[in-house]
Amino acid sequence: MRSADLIMRVVRLYRPDRNPLRRSSDRWEAAVVAVLVSLALLSLWPAVWIASAMYESGVRAEAAAPPGRALVVIRYTTGRWRSPDGAVVVGKGLAPPASQADTIRQVWLDGRHEIAPRPRDPQELALAAGITGLGTALTAAGLLAVVYMWVRFFLDRRRLTRWGDDWLVADRRWRRPRQA
């Protein structure tokens with residue numbers, strides 16, 4: 001089945017018309033679907049905004065990060081480096097376990113001249129922002145799908161109750177009297 005055929009089926013299912021067999025619950029369901037689709041499309045804007053803001057804040061943080069410093073590994077997790085004011089600083093926890101003593105590694109420092117994580121590359125920032133935006137959009141779509149299922153459940157209960165009532169009326173009307 002082509003996607004155009006599928007779209008036309010959905011449109012025919014939920015379009016407002018004067019079909020005498022269409023119940024009021026069908027019209028309510030069509031209205032709920034229209035509102036939920038509109039909300040899903042509107043939720044794309046906050047998702048893009050969140051991803052854009054995350055990317056821009058990462059780029060600003062990367063630009064504000066001081067350049068890397070040379071770290072001389074003393075032991076596996078201890079090292080020393082010079083701070084911007086020229087003082088020698090000893091720190092722990094950055095060197096990988098396979099590092100040899102007296103090897104030189106590049107490190108980044110935070111505002112207190114302590115070892116900080118490496119700033120993210122632009123590709124990493126774009127990937128993280130994209131995943132965040134996609135997650136936001138999927139979360140909104142999931143919540144809207146749950147709302148749709150909840151509404152559909154209650155409308156189906158109402159349809160089945162009315163259908164049963166209509167069959168009782170029809171059964172009374174069409175039943176032949178028992179002959180003794």
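Which side chains are joined by a polar contact of 3.2 Å? They are the side chains of E29 and R152. The model described here is predicted.

**E29 and its surroundings**

E29 sits in helix α2, which runs over residues 24-64. With a relative accessibility of 7%, E29 counts as buried, because the cut-off for a buried residue is under 20%. Besides the contact with R152, the side chain of E29 has a polar contact of 2.9 Å with the side chain of Y148. When neighbours within four places in sequence are left aside, the residues in contact with E29 are Y14, Y148, R152, L155 and R159.

**Helix α2**

Helix α2 has 41 residues, and at 1.5 Å a residue these should span 60 Å. The C-alpha atoms at its two ends are 60 Å apart, so the expected and the computed span agree. E29 is one of the buried residues of α2; others in that list include S25, A30, V32, V33 and L36. S43, A47, A51 and G58 are buried in α2 as well. The buried residues of this helix pack against α1 (3-14) and against α3.

**Aromatic rings**

A pair of aromatic rings is described by two values, the distance of the centres and the angle of the planes. How many aromatic pairs does a search of the whole structure find? The search finds two. In one of them, the ring centres of W150 and F154 are 5.1 Å apart and the planes stand at 75°, so this pair is edge-to-face. Both residues belong to helix α3 (residues 122-174). W150 and F154 are four residues apart there, which is about one turn of the helix. The other pair is formed by F153 and F154: the centres are 5.2 Å apart and the planes are again at 75°, so this pair is edge-to-face too. Ring pairs thus link W150, F153 and F154 into a cluster.

Are these three residues buried or exposed? The table gives the relative accessible area of each.

| Residue | Relative accessible area | Class |
|---|---|---|
| W150 | 55% | exposed |
| F153 | 46% | partly exposed |
| F154 | 38% | partly exposed |

W150 counts as exposed because its 55% is above the cut-off of over 50%. F153, at 46%, is partly exposed, and F154, at 38%, is partly exposed. E29 in helix α2, by contrast, is buried at 7%.

Definitions and conventions. Residues numbered from 1 in each chain as written. Predicted model: local features only at pLDDT ≥ 70, side-chain atom pairs only at ≥ 80, totals over all residues. Heavy atoms only, no water. Phe/Tyr/Trp six-rings, centres within 6.5 Å; stacked < 30°, edge-to-face > 60°. Buried < 20%, exposed > 50% of the residue type's maximum accessible area, 1.4 Å probe, protein only. Polar contact = N/O pair within 3.5 Å; in protein donor to acceptor, adjacent residues only side chain to side chain. Contact = heavy atoms within 4.5 Å. Expected span 1.5 Å × (residues − 1).
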